[in-house]
There are 2 protein chains.
Amino acid sequence: MADKRPKPRITIIGTGLIGASIGLRLTQRPDRNYEVVGIDRDRNNAKRAKHLNAIDREITSLEEALHQAGIVILAVPVAAARRLLEDIGPFLSEGAIVTDTCSTKAAVMVWAQEFLPEGVSFIGGHPIAGKERSGPDAAEATLFEGVQWALAPAPNAHEGAVAVMLGLIEQLGANAVYIDPEEHDQYLAAVSHVPLLLSVGLFRMVRDSTAWEDLALLAGPGFRDMTRLASGDPEMGRDIVGTNREAILHWLRRLQEELTTIEEATLRGADVITDLLTSTQLDRDTFLLNPPVRRTPDGPALPSSRDALGRLLAGGLYDKLKDAEDRIPQIGAERRQRKQLEEAEKRKDER
Amino acid sequence: MADKRPKPRITIIGTGLIGASIGLRLTQRPDRNYEVVGIDRDRNNAKRAKHLNAIDREITSLEEALHQAGIVILAVPVAAARRLLEDIGPFLSEGAIVTDTCSTKAAVMVWAQEFLPEGVSFIGGHPIAGKERSGPDAAEATLFEGVQWALAPAPNAHEGAVAVMLGLIEQLGANAVYIDPEEHDQYLAAVSHVPLLLSVGLFRMVRDSTAWEDLALLAGPGFRDMTRLASGDPEMGRDIVGTNREAILHWLRRLQEELTTIEEATLRGADVITDLLTSTQLDRDTFLLNPPVRRTPDGPALPSSRDALGRLLAGGLYDKLKDAEDRIPQIGAERRQRKQLEEAEKRKDER
């Protein structure tokens, strides 16, 4: 007698680069017992994702797409995530897991708390991956291979739901990293959001010159790399700025200070600039060869039980979960640590 | 009766990334009638280049390496090029061609004029190529494929010598672009030297933070790309700053202005930042898809005759030279153009 129950469902909302890359990896699994459905307000995106086999089916109604979904992945810019968090509540099943892939986390966590119904586990997520091109056609099943996936479970998220997320991230080839949402935003402003704005500033500086055509002819791979982020999705950039303004302004000012230091070094002559370039080269090479060691967890207790939802993705997804529990790093759960950072930066500013 | 004359010789001084990449391509040519010899003050570099077949022979004496050399390529940082230009004169053959690959051109042209003997043709060169890693082991025969190779013949360079250089650049797969040395330095400050310093500044900003270890853990491909140039050779960077200080300071200040504009946009809200990001994305995508059209030459006369040195690399190297003569672009030979640029930038500063 055939099993008439519907297959467990993973719903990807937003089938652009990130959503379609997640889908590609999940649908590739040969022994999977789940279906992957996709929905996108841009129907072309969803159709392309289906064509590329990044999703099993396109569904055009939000209600239908969320019907009996075990995991809902919001792979959209922050503002769209807010609208979705407001809208999806009535359609979610009891016990559903909702996660996102947004570039900022603090605002998303607040909205999830505000809008999602009881009985749903929200676990904020952010895969630190990206590409010059966006959209489903740029998607790759290996996009998340070896990348850090920042994870911020809501206070009321079920232990089993966290376990499912850890398994999902492992399935995608990424490393889960617990992080406090506000710390996430502070840190990402430095290593991602300000670099994006810097890339935009450098491109504009050259583009706005009256010598643009000659400059463009002489622009080599260095210029291309340094302005890659300026080709990113403007909507995503707008939402990043909109939800992380304070941290971005802090780091933009720090960067201006660094540029002033470099300007002074340029004026002061060969020895000063040589020291600066040599120590930076050494530090960066060390960073590439021996990345900082991940700290062992000292944060929220890790899941020890696996509930019904946990079994949703059974069949290998949890295989290494026991191991994983010992090595999920925890970034700065302690408020104290951030205070120390701010104080240190302040002292630096005053120097 | 065997031909007892020595093979025509190309001498590469400096067998790092650029020198060894040139050598790799030149030695790959099956029907060549020339030998490629290399010399490096770091003997390990030369040995590696020999091992990789980037040179036919390592020679340790400058005098011997230059003996009967038809083309001498100085593939070294600017300061080393100066010392070499001072030293090599007595060892050069009448009619030899000397070229360089330095990142700045004005100072090199002055030194060549000052130190090289009459009867030697100096043609300043700069292939706009690069990689994260340096040294001969990073060399690739295809490093110059499709790249622009800025070319600045000295006023007394022989027409035939320019023809040889054009053939050499074509052989390497690159596109020759005539450029005034001072304009070269102005333009490269914007698209290469300031991006390098920016990359250094961004890395230092993050590295100097007390939260460095957490920041490094969360640093993704964007941060890696944006700081790639900071891993470049510090000696090269020092020489770039030392020989192009004024232009670098000009563009560093322009960049600070752009960052201030972005800071203001960040404060002013979603519409302003969206406009800024959208127009930049559009402009950069246009730049990538439809790079500015190269202008037809209006500069120095192109070679029409080929002398004895011209025949040095005969056997295919000149095959397409006639075509090439019609399409070598000329960047801003007119002093007037640069004045216009400077005035426009000044007006911008005053706004």
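## Helix packing and chain symmetry in a predicted two-chain model

Helices H11(A) and H12(A) pack at an angle of about 135°, their axes lying 6 Å apart. With that angle, H11(A) counts as oblique to H12(A), since angles over 145 degrees would be needed for a roughly antiparallel arrangement. The crossing in which H11(A) passes H12(A) is left-handed. On the side of H11(A), the contact is made by Ile262(A), Ala265(A), Thr266(A) and Arg268(A), and on the side of H12(A) by Ala270(A), Val272(A), Ile273(A) and Leu276(A). The model described here is a predicted one.

These two helices of chain A also take part in the packing around a helix of chain B. In H10(B), which spans residues 234-243, the buried residues are Pro234(B), Gly237(B), Asp239(B), Ile240(B) and Val241(B). They pack against helix H11 (245-268) and helix H12 (270-289) of chain A, and, within chain B, against helix H4 (78-88), helix H7 (181-207) and helix H11 (245-268). The N-terminal end of H10(B) is capped by Asp233(B), of which a side-chain oxygen lies 3.2 Å from the backbone nitrogen of Glu235(B).

The relation between the two chains can be stated as a superposition: a turn of 180° with a shift of 0.0 Å along the axis lays chain B on chain A with an RMSD of 0.1 Å. This is the relation of a two-fold axis. The C-alpha of chain B nearest that axis belongs to Met226(B) and lies 2.6 Å from it. Because 100% of the interface residues of chain B are also interface residues in chain A, the copies meet through the same surface.

Turning to backbone conformation, most residues other than glycine have a negative phi, and most peptide bonds are trans. Gln68(A) has a positive phi although it is not glycine, and Asn53(B) likewise has a positive value in a residue other than glycine. The table sets out the phi value, loop and accessibility of each residue.

| Residue | Phi | Loop between | Relative accessible area |
|---|---|---|---|
| Gln68(A) | near 55° | helix H3 (62-66) and strand E4 (69-74) of chain A | 44% |
| Asn53(B) | near 65° | helix H2 (43-51) and strand E3 (57-58) of chain B | 48% |

Gln68(A), with its relative accessible area of 44%, is partly exposed, and Asn53(B), at 48%, is partly exposed as well, because that class lies between the cut-off of under 20% for buried residues and that of over 50% for exposed ones.

Notes:
Residues are numbered from 1 along each chain as its sequence is written. Chains are lettered from A and ligands numbered from 1 in the order in which they are written. This is a predicted model: local features need pLDDT of at least 70, side-chain atom pairs count only at pLDDT 80 or more; totals for chains, interfaces and linings use all residues. Side-chain values use heavy atoms; hydrogens and water are left out. Copies are superposed by least squares on the C-alpha atoms of residues with pLDDT of at least 70 in both. Contact means heavy atoms within 4.5 Å. Buried means under 20% relative accessible area, exposed over 50%, partly exposed in between (1.4 Å probe, protein chains only). Helices (H or I, at least four residues) and strands (E, at least two) are DSSP runs, numbered from the N terminus. A polar contact is a pair of N or O atoms within 3.5 Å; within protein, one must be able to donate a hydrogen and the other to accept it, and residues adjacent in sequence count only if both atoms are side-chain atoms. Axes are lines fitted to C-alpha atoms, for helices over the stretch in contact, and angles run from 0 to 180 degrees between N-to-C directions. Angles under 35 degrees count as roughly parallel, over 145 as roughly antiparallel, 65 to 115 as roughly perpendicular and the rest as oblique. A crossing is left-handed if the near helix is turned anticlockwise from the far one by less than a right angle, and right-handed if clockwise.
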